[in-house]
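Q: Please examine one position of this chain closely, and then set it against other notable contacts of the fold. A connected account, with the reasoning for each assignment of burial or exposure, would be most useful.

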Amino acid sequence: VQLVESGGGLVQTGGSLRLSCAASGSILGINVMGWYRQAPGKQREMVARITGGGIRDYVDSVKGRFIISRDNAKNTVYLQMNGLKVEDTAVYYCNVVKGPLHYWGQGTQVTVSS
């Protein structure tokens, strides 16, 4: 499975960004698609994830601000990030789960300035 991310960048506090991640290759059997992030000096954390059936899960710090969605026909997962805060600054990684395996994108930088 190959994952290609796009949509990161620099934005001011309160702004919005939309991340996209397109999966290709051996995509049959992909279940959960999601986003993780890692800030400097911190552990990678799950931000949001969505199952093939549309069940969503968010880390508490982004609830009410971020929305995850997926287009199964395009094998693409999106993360709409609104009300961005300085503490959202991190490298964001796309993640998909297929059976027992996790696949990761290359990461895209999101920087929120005050």
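A: A residue is termed exposed when its relative accessible area is over 50%, buried when that value is under 20%, and partly exposed in between. The model is predicted, and every value below was computed from it.

Leucine 10 is the position chosen. With a relative accessible area of 64%, leucine 10 is therefore exposed. This leucine belongs to strand β2, which spans residues 9–12. Leaving aside residues up to four places away in sequence, its contacts are Thr111 and Ser113. The C-alpha atom of leucine 10 is also 9.2 Å from that of threonine 89, although the two positions lie 79 residues apart in chain numbering.

Another leucine, leucine 79, presents a long list of contacts. Again not counting residues up to four places away in sequence, leucine 79 touches Leu17, Arg18, Leu19, Trp35, Val47, Ala48, Phe66, Ile67, Ile68 and Tyr92. Leucine 79 is also among the residues with the most contacts inside the largest nonpolar core, together with Trp35, Phe66, Ile68, Val77, Met81 and Tyr92. That core has 29 residues. At least two of its residues come from each of β3, β4, β5 (45–50), β7, β8, β9 and β11 (108–113).

Two of the strands that supply this core, β3 and β9, are also joined covalently. The structure holds 1 disulfide, formed by cysteine 21 and cysteine 94 with their sulfur atoms 2.1 Å apart. The link connects distant parts of the chain, since cysteine 21 lies in β3 (residues 17–24) and cysteine 94 in β9 (residues 90–98), 73 residues apart. An angle of -80° about the S-S bond makes the link left-handed. Cysteine 21 has 0% relative accessibility and so counts as buried; cysteine 94, with a relative accessible area of 0%, is likewise buried.

Strand β3 has a further partner in β1, to which it is joined by 5 bridges in an antiparallel arrangement. Within this pairing, valine 4 has alanine 22 of β3 as its bridge partner. Strand β1 (residues 2–6) shows two faces: Leu3 and Glu5 make up the covered one, whereas Gln2, Val4 and Ser6 make up the uncovered one.

An aromatic contact brings together two other strands. The model has 1 aromatic pair, in which tyrosine 36 and tryptophan 104 meet edge-to-face, 4.9 Å centre to centre and with 70° between the planes. Tyrosine 36 is in β4 (residues 30–38) and tryptophan 104 in β10 (residues 101–104), so this pair, too, links distant parts of the chain, 68 residues apart. Tyrosine 36 counts as buried because its relative accessibility is 15%, while tryptophan 104, at 36%, is partly exposed. The ring of tryptophan 104 also lies beneath the charged end of arginine 44, which is 4.6 Å from the ring centre. The charged end of arginine 44 sits over the ring of tyrosine 93 as well, 3.8 Å from its centre.

One loop residue completes the account. Most residues other than glycine have a negative phi. Asparagine 75, however, is not a glycine and has a positive phi of about 55°. This asparagine lies in the loop between β7 (66–71) and β8 (76–81). Its relative accessible area of 25% falls between the two cut-offs, and asparagine 75 is therefore partly exposed, whereas leucine 10, where the account began, is exposed.

Key:
Residues numbered from 1 in each chain as written. Predicted model: local features only at pLDDT ≥ 70, side-chain atom pairs only at ≥ 80, totals over all residues. Heavy atoms only, no water. Helix = DSSP H or I, 4+ residues; strand = E, 2+ residues; numbered from the N terminus. Buried < 20%, exposed > 50% of the residue type's maximum accessible area, 1.4 Å probe, protein only. Contact = heavy atoms within 4.5 Å. Phe/Tyr/Trp six-rings, centres within 6.5 Å; stacked < 30°, edge-to-face > 60°. Lys NZ or Arg CZ within 6 Å of the ring centre and 35° of its normal. Disulfide = S-S within 2.5 Å. Pairing = 2+ DSSP bridges. Core = buried A, V, L, I, M, F, W, Y, C linked by side-chain atoms within 4.5 Å.
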